[in-house]
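Thanks for making the time this morning. I would like to walk through one model with you, going from single residues up to helices, chains and the contacts between them.

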Amino acid sequence: MSASTIIFYILATLVVVFGALTVFSRKIFRAAISLLLSLTFVAGLYFLWDVDFIGALQIIIYVGGIIVLIIFSIFLTHHSGQKLPKAKVSKKLLSGTLAVAGLGFTSWVVSQFVFKPAVGVTPVEPNVHNIGLQMLNYSEYGYVFPFEVINILLLAALVGAIVIAIKKSQETEK
Amino acid sequence: MEQVPLSHILILSSTLFFLGVYGFFSRRNLITMLMSVELILNSVNINFIAFNKYLFPHQLEGVFFTMFIIVVAAAEVSISIAIIINLYRRFKTIDIEDTTTMKY
Amino acid sequence: MDILSLLLVFPVITALGILVAKKDKVVRWTALSGSIVQLFLAIGITAYYVSLRNAGETGQMLLESSYEWFAPLQIYFSAAVDGISLVMILMTAMVVVAGILVSWKIGKQVKEFFFLILLLSLSAYGFFISTNLFVMFFFLELAVIPKYLLIGVWGSGRKDYSAMKLALMLMFGSALVFIGILGLFYFTGAQTWDFQEIAKMHIPIETQRILYILLFTGFGVFTAMFPFHTWAPDGHSSAPTAASMFLAGISMKLGGYGCLRVATYLLPDAAQELSWIFIITASIAIIYGAFATMMQKDLKYMNAYSSVSHCGFVILGIAMLTKAAVTGAVMQMVSHGIMTALFFASIGMIYDRAHTRQADELGGMLKQMPFIGSAFIISGLCSLGLPGFSGFVSEMTVFVGSWERTGVFYRVATILACASIVVTAVYILRAVGFAIWGTVTNKEYLKFKDATWSERSAAVLLTLGILIIGLAPFLFIHLIDADTTSIVSRFIAVVGK
Amino acid sequence: MNSYDLSALLIVILPALSFLVLGLFGNRLSNRVSGLIGCASLVTTAILAIYVAAGYFFDFGLVGGVHEKHIALQFQWLKFTENLSIDLGIVLDPISVMMLLVITIVSSMVHIYSLGYMKGEEYFERYYAYLSLFSFSMLGLVIAVNIFQMYIFWELVGVSSFLLIGFYFTKPSAIAAAKKAFIVTRFADLGFLIGILMLSYNTKSLDFFTIIERLTQVGSPYLANFTATSFMGMSALSWALLLVFMGGAGKSAMFPLHIWLPDAMEGPTPVSALIHAATMVVAGVFLVARLFPVFAISAPDALLIIAYIGAFTALFAALIACTQTDIKRVLAYSTISQIAYMMFGLGVAGWGAENSEGFTGSMFHLFTHAFFKALLFLGAGAVIHAVHSNEMKDMGGLRKSLPITHITFLIACLAIAGVPGLSGFFSKEAILAAAFHSHPTIFYVGLFTSGLTAYYMFRLYFRIFWHNPVPEHSHNHEGHTWAMNIPLIILAVGAALAGWIPFGSFVSADGKAMELPFHLTFSIAPVAFGLIGIGIAYLLYAKKNDVPDKIASSINAFYKASYNKFYIDEIYLFITKKVLFNLVGRPAAWFDRTVVNGLFINGSAEATVATSRAIKPMQSGRLQSYTMFFLGGVLLLAALLIIKFM
């Protein structure tokens, strides 16, 4: 068993554990921190698999952007130390069953399935160079169009977020 | 190089996915639900990368999709947070059980 | 412009006239004169038809005409009449005139009321003259909507419930009918809606069975066939007088006509094989309807249940498949249509004055209002099958026709049907004894005035109809004889004549 | 169409016209005019009937010494099938002509009588309209050529009887009686109808004479087919005839369908005289007589049953008549008893010249009975008119104040009691003689009944006209007009003399003239019984004494049973009210409301509502449940797909 394998299992365990903490913790701030850690370890996995660029993105956007945003919003909407109310047992049970069943089913399918890797092909290094070339390419396998779409989406999200969050004077009255 | 079997990675990602699903179902707080969604998205990202790496190393599709997903997730979160804050302003709560004005 | 389309054009013109009229008085007179013209038109068409027949026309249906409606689906507005549809049209015209006359005093939304009544009559005429199954279905559906509104808006009692129930049950019936005619359209191979064309097709027996059950049950719902009869009591009791008259007089006949014309005529093999089912339901309806009637206190409920019982004769006659029985069924349809209209009219007249229909709260009506009381007694006597009135000839024809079928099963059904004449006598006489005879119990009733001119003319018109059939049934038989023969000739194998 | 046929047609048409005129325009005519219209039309028919009868019996009907049937008119009215049709027509044969006479004469008498009796009544014109309707229907019944024609008029007489019984429609008892009469006879008519259907199906004809021909000819295939199937030991033919007889039994008030007749006395008394004594109630006898060849030749077992029912009813009704105190009821039970006489007279008759004296006797009795019973009723009507009561206790000693009524009533009583020389004697003798020759048991029953008859009739007579006067009725005067007295006198003449008609030479089963046997020795027993009955009645009721009460109390149970009409009404009441209403009607109505309407119809509606209620929470608006369903569905679908494709 090579070191990378061991590291994978360690990372995987950490991802799952912190993921679970995210979901189960009744303190919302702790949940956010667990999420942060979990996502960080996912980034670790990416690094392990040599997709450095994605790992970087993961750290920058998720950890640096999204989680921070979430933590801010937690600050805005919660008093510190406030515990989340307990979920209904029936609801827990139902969603637990569904999740476990789904997991079981998926794992069973995955374990049954025989994956056939592509053979005799030259791997492409997923570095920034190659990614950048293909991203802005408009010939075959070029991603310039999705790239533009994503741009517009981001713009729309930007505008949307502002419109939604903007404070209207009469609404504060209510 | 000896590799981790693909199925293990997939099981990891499904575990993460269903953790997210569980959280999404059982939480009542919008922000925690949002966090669960992030878990789900991440599990998908892991899949994309893993498939790309194991099965189609000559292509970069998985990478691109992961990127797009991350971007979309960012957009989604920003909108969601905006909605959540707006909601909080109006109802002083972000518990989904209590904000039922638009139900039915 | 051919002569049959006039039957539809006149109600439309009248209805439009009503819409533009401003005063209630004008509305009433427009409706009345339109319907009277229509009655004369119907009589004229009948006379024309008879003259054609006498001149040697041998076509199964005469006065055919056809207009394109939606050609890609073979939907043509095609009309033609034979004796059976003519008698139905005559009856409809008569009941419409009477219905308008008895609603003379209606005070609420006069314009809409008469408009809906004319719409209802229009759909009945359309149904009876169409030879295209789709158009027939269209008119069948069209008839449901005015009924719903008439009960829902001008009704009394639990009108919302009744209107909803009626509309839903009839819609259910027409859904079955629709499936059935779709089946006829597709499985006959002819891809046509024209039932004269379909009649020429050979339809496999397996298909026939399914379609027969669907169509007969579907139309049966309209005829208040057991166990789909419960819309009738509630619907009738809540409906305004004219709507009750139309409901029992015309609408239930749409079903009977459909059972005969579509279900039985087009699917003769299945009819022979499966008519026993409907013989059973009809016998149950007849005897059980009669017993249920016996327990009713509300006059309208009583008449509604008795309609269930009487329409059982229609179903029985059609299902027995012998010529006399089918003839009897047609006669019973017409007879019951007019008779029950008169019955509802007289009940309505009493209700308008007394504001109650409970038999035991009334009493002494004959003394106070001789005309209305007599009208009630006449319709009652017709209902219990007194010779001289139409009920007798039609019931007897059904009985004789049913007795033609040999076999214990048919015999028992016939005897059960016969037994209902006793029960009928019981409930009619009870009603007469309670409500019409006796002394005036309520001081209020002493103020009642006898029938107005419009009510009188309605009752006289309907009584005339009853008497003409009752005293001169040979005229009636003469009109429909060839048609029943041609229908029954399709079953000769089983009936063995 | 010769003058006889035309007259026969007019006989039927005139009452119908008078009904139409009175019914439609009656309320615009004065009472006097409407009464006159009614009387005029009926008197005319009576004259025409005499003319037709004379013509038939002596002229055109007599072909080679035999009274053949003569179809005066026949046309198809309603065609059912190729073979079966209702024909309306007029047949003249001995019994129908005889009936025409009886009906028109009695009816015209009653019409005239009513001018006085109903004077000043409300709805006078309506009364006359109904009377005319009845006369029309009854005449149509007896001249029927077609069994369905008879059924039609059968129903019409039923309804006119209903209308007339319920003439005082504000009186609850009259309403109840009218309903009862109609419903009981309707029930009987159900049997008649089914009998008709059976007969018509098996003979392929509705024509009386075709039916008779096809069922009496030796070797007729119809007959063979009809008798081939049997049920409970009797052939289908016998059953059919018994069902037809059931109709007759209903109209003629045979046990156990007799219960309506006593109550029918609620109608005006002249109506009782016409309908419920002389004419309509003998329709059943007439029906059996009409089909007599079939009964006698092909179904003697059915005829025997009729004979026993008749004999039992005769005795039964006579026993009840002995204890009734309402004079009209006494007469009603007497009517039942006398009709039963006619019925068993027919029952004991056979086919052929020597055996059919029962038939002739029965018809003869029908004829004479019409006179004396109508007379009795009209007399009773006169009494009631004078004392304003139906009860015996309000009467007594009326012979002085009502002399004409008294004399005519006495004649009628003597006639019904069978005192020699008066009409009842002859006809009753004929029936009893026929019974003696064929069924001695029935003869003895008849004999005893004739004694009872004499007793109760004279009980009535003595109680009304002798006995001790009731003082408070000071206005017991013969305040009657000629209108009431003339019919009494004419009928009394008829009741006295009708017996001397050589009836056998006019009416017989096969049309050939026959001599009604008359043996002085045989007559001793009936006459003796009759005289004993009269004697007992004289002893008990001529003067006020306490013997009747003592006798009554000494046989208390029997007296009570008889007084309460052997509780038949109660049994019927139990069956109808308790069994039919509560056990059939109410459950049917309940079933309809609860099961069919409640369970099926409203049930399906409620099921729809309930389903939508049940699935409405799924549309909770909760994101989480939606996604849960979504995920569950996806999993399920995926699982299904995988299972399917693996």
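Let me start with Thr106(A), which in this predicted model sits in helix 4 of chain A. Is Thr106(A) buried or partly exposed? It has 19 other C-beta atoms within 10 Å, and since being buried takes 20 or more, Thr106(A) counts as partly exposed. If you follow the chain on from there to Ile164(A), you cover 58 residues in sequence, and the two C-alpha atoms end up 38 Å apart in space.

A second residue to set beside this is Leu84(D), which belongs to the loop that runs between strand 3 (70-79) and strand 4 (85-92) of chain D. Leu84(D) has 24 other C-beta atoms within 10 Å and is buried. What does Leu84(D) touch, once residues up to four places away in sequence are left out? The answer is Ser200(D) and Leu206(D) from chain D, together with Val400(C) from chain C. Leu640(D), on the other hand, is 556 residues away along the chain, and its C-alpha atom is separated from that of Leu84(D) by 69 Å.

That brings me to chain D as a whole, which has 25 helices and 6 strands and whose C-alpha trace spans about 115 × 65 × 55 Å along its principal axes. Of the 646 residues in chain D, 56% are buried. If we take the contacts in chain D with a separation of 6 or more, 79% of them are between residues 24 or more positions apart.

Two helices of chain D deserve a slower look, and I will take helix 16 before helix 11. Helix 16 covers residues 357-387, which is 31 residues, and from its first C-alpha to its last it reaches 43 Å, close to the 45 Å expected at 1.5 Å a residue. Where is the kink in helix 16 of chain D centred? It is centred on His369(D), and the bend there is about 30 degrees. Just after the helix comes His388(D), which has a positive phi, near 55 degrees. As for the surroundings, 29 of the 31 residues of helix 16 of chain D are buried, and therefore the helix is largely enclosed by the rest of the structure.

Helix 11 of chain D, residues 269-278, is also largely enclosed by the rest of the structure, because 10 of its 10 residues are buried. Among those buried residues are Thr269(D), Pro270(D), Ser272(D) and His276(D), along with Leu274(D) and Ile275(D). What covers the buried residues of helix 11 of chain D? The cover includes helix 3 (94-117), helix 4 (124-142), helix 5 (147-165), helix 10 (260-263) and helix 15 (327-348), and helix 16 of chain D, which we have just discussed, is part of it too.

Turning to the nonpolar cores, the largest has 444 residues, and the ones with the most contacts inside it are Ala98(C), Ala374(D) and Ala495(D). Another core, of 64 residues, lies apart from it and has among its members Leu11(A), Val23(A), Met35(B) and Ala82(B). To come back to Ala98(C), its contacts beyond four places in sequence are with Met245(C), Ala341(C), Ala345(C), Ala458(C), Leu461(C) and Leu462(C).

Finally, the chains against one another. Which chains have the most contacts between them, among the 4 pairs that touch? That pair is chains A and B, with 71 residues of chain A in contact with 62 residues of chain B. On the chain A side, helix 3 of chain A makes the largest share, 13 residues, and by class that side holds 49 nonpolar, 18 polar and 4 charged residues.

By way of contrast, 6 residues of chain D are in contact with 7 residues of chain A, and the chain D side of that interface divides into 5 nonpolar, 1 polar and no charged. Chain A and chain C have no contact, their closest C-alpha atoms being 39 Å apart, and chain B and chain C do not touch either, with 25 Å between their nearest C-alpha atoms.

One record-based point on chain B to end with: an unreviewed UniProt entry annotates residues 6-25, 32-51 and 63-88 of chain B as "transmembrane region". In the model, residues 6-25 of chain B are 100% helix, with end C-alpha atoms 28 Å apart, while residues 32-51 of chain B are 100% helix, with end C-alpha atoms 29 Å apart.

Technical notes: Residues are numbered from 1 along each chain as its sequence is written. Chains are lettered from A and ligands numbered from 1 in the order in which they are written. This is a predicted model: local features need pLDDT of at least 70, side-chain atom pairs count only at pLDDT 80 or more; totals for chains, interfaces and linings use all residues. Two residues are in contact if their C-beta atoms, placed from the backbone, lie within 7 Å. Ala, Val, Leu, Ile, Met, Phe, Trp, Tyr, Cys and Pro count as nonpolar, Asp, Glu, Lys and Arg as charged, and the others, Gly among them, as polar. UniProt positions are given in the numbering used here, feature names are shortened, and annotations may be inferred rather than shown by experiment. Helices (H or I, at least four residues) and strands (E, at least two) are DSSP runs, numbered from the N terminus. A nonpolar core is a set of buried Ala, Val, Leu, Ile, Met, Phe, Trp, Tyr and Cys residues joined through C-beta atoms within 7 Å. A residue is buried if 20 or more other C-beta atoms lie within 10 Å of its own, exposed if 12 or fewer, and partly exposed in between; C-beta atoms are placed from the backbone. The expected span of a helix is 1.5 Å times one less than its number of residues. The bend at a residue is the angle between axes fitted to the seven residues ending there and the seven starting there.
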